[in-house]
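Biologist: I am new to this structure and would love a close look at a single part of it, the open sheet. Could you walk me through how its strands are put together and what surrounds them?

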Amino acid sequence: MNKRIINMLMLVLILAILATPAVSAHRVYLMHQVNEVEVKAWYGGGDPIANAEITIYAIKDGEEEIYIEDVTDEDGMYYFSPKLGVDEYRIIVSQMGHQDEIEIDLKGEGESAVENNSTDDMELPLTANIVAGIGYILGFAGIGLYARARKMQKE
């Protein structure tokens, strides 16, 4: 009788295992969301472009439309939330005749936002550029004065 009960229990156990749907105690779900896009604008040398005009175009199905027109903060930063259903943007930042633009694709295809931020194009700080400009002007003035002095000496 014990053997018969054990066989019945085994049969019930096998039927119960086969009849139950597959379950997972460690089911994993994933979701991602881009809440904010960060834009940083700076001059050569690293000085931020504070209060620069920024225009953000949303690109959907090859069509561009102005999404945002605003200004950067004191640190040259601007943050915006992506528009629903739009993954591509063209961003233009300008101030006092200086302008640059970049296209970004939030899906990670095409031109990268990091491409424009390469360290290969690093420049001197703004103050060093001003001093260098004054040096060039003084150099050209010196050459002109030297040429004039030689001309006066010949006469």
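**A close look at the open sheet**

Modeller: Happy to! Let me start with the outside of the protein, which in this predicted model has an accessible surface of about 12,800 Å², with 58% of that belonging to carbon and sulfur atoms. Of the 155 residues, 19% count as buried. The protein has two helices and six strands, and reading along the sequence gives the pattern α-β-β-β-β-β-β-α. Among contacts between residues at least 6 apart in sequence, 47% join residues at least 24 apart.

Now to the sheet itself. Four strands make up this open sheet, in the order β3-β2-β5-β6, and their pairing is antiparallel. The edges are held by β3 and β6; each has a single partner strand, so one side of each is left without a neighbour in the sheet. On average, neighbouring strands of the sheet are turned by 20° against each other, direction ignored. As general background, strands of a sheet pair through backbone hydrogen bonds, either parallel or antiparallel.

Let us cross the sheet one pair at a time, beginning at the β3 edge. β2 and β3 run antiparallel and are joined by eight bridges. One residue pair to look for here is Lys60 with its bridge partner in β3, Glu63. These two strands form a hairpin with two residues between them, and Asp61 in that hairpin takes a positive phi near 55°.

Next comes the pairing of β2 with β5, which is antiparallel and extends over seven bridges. You can find this pairing by two residues: Ile54 has Val93 of β5 as its bridge partner, and Thr55 stands opposite Ile92 in β5. How many residues of β2 and of β5 are buried? For β2 the count is six of the eight, so that strand is largely enclosed by the rest of the structure. For β5 the count is seven of the eight, so β5 too is largely enclosed by the rest of the structure.

The last step takes us to the β6 edge. Eight bridges join β5 and β6, again in the antiparallel sense, and Ser94 stands opposite Gln99 in β6. These strands also form a hairpin with two residues between them, and Met96 in the turn has a positive phi of about 45°.

With the strands in place, we can look at the side chains. In soluble globular proteins, nonpolar side chains tend to be buried together. Here, the largest nonpolar core has 17 residues, and those with the most contacts inside it are Ile54, Ile56, Tyr78, Phe80, Tyr89 and Ile91. Two or more residues of this core come from each of β1 (37-40), β2 (53-60), β4 (77-80), β5 (88-95) and β6 (98-105). Phe80 is a good place to zoom in: leaving aside residues up to four places away in sequence, Phe80 touches Asn35, Glu36, Val37, Val39, Ile56, Tyr67, Ile68, Tyr89 and Ile91.

One more stop lies just beyond an edge strand, in the loop between β3 (63-71) and β4, where Thr72 is found. Is Thr72 buried or exposed? Thr72 has a relative accessible area of 2%, so it counts as buried. Its side chain reaches the backbone oxygen of Ile49 at 2.8 Å. Beyond residues up to four places away in sequence, Thr72 touches Ile49, Ala50, Asn51, Ala52, Ile54, Met77 and Tyr78. Two of these, Ile54 and Tyr78, are also among the core residues with the most contacts.

For contrast, try the loop between β1 and β2, where Gly45 lies. Gly45 has 25% relative accessibility, so it counts as partly exposed. The C-alpha atoms of Gly45 and Thr127 are separated by 9.0 Å, although the two residues are 82 apart along the chain.

How values were computed: Residues are numbered from 1 along each chain as its sequence is written. This is a predicted model: local features need pLDDT of at least 70, side-chain atom pairs count only at pLDDT 80 or more; totals for chains, interfaces and linings use all residues. Side-chain values use heavy atoms; hydrogens and water are left out. Buried means under 20% relative accessible area, exposed over 50%, partly exposed in between (1.4 Å probe, protein chains only). Contact means heavy atoms within 4.5 Å. Accessible areas come from the Shrake-Rupley method with a 1.4 Å probe; for residues, only the protein chains shown count as cover. A nonpolar core is a set of buried Ala, Val, Leu, Ile, Met, Phe, Trp, Tyr and Cys residues joined through side-chain atoms within 4.5 Å. A polar contact is a pair of N or O atoms within 3.5 Å; within protein, one must be able to donate a hydrogen and the other to accept it, and residues adjacent in sequence count only if both atoms are side-chain atoms. Two strands pair if DSSP finds at least two bridges between them. Axes are lines fitted to C-alpha atoms, for helices over the stretch in contact, and angles run from 0 to 180 degrees between N-to-C directions.
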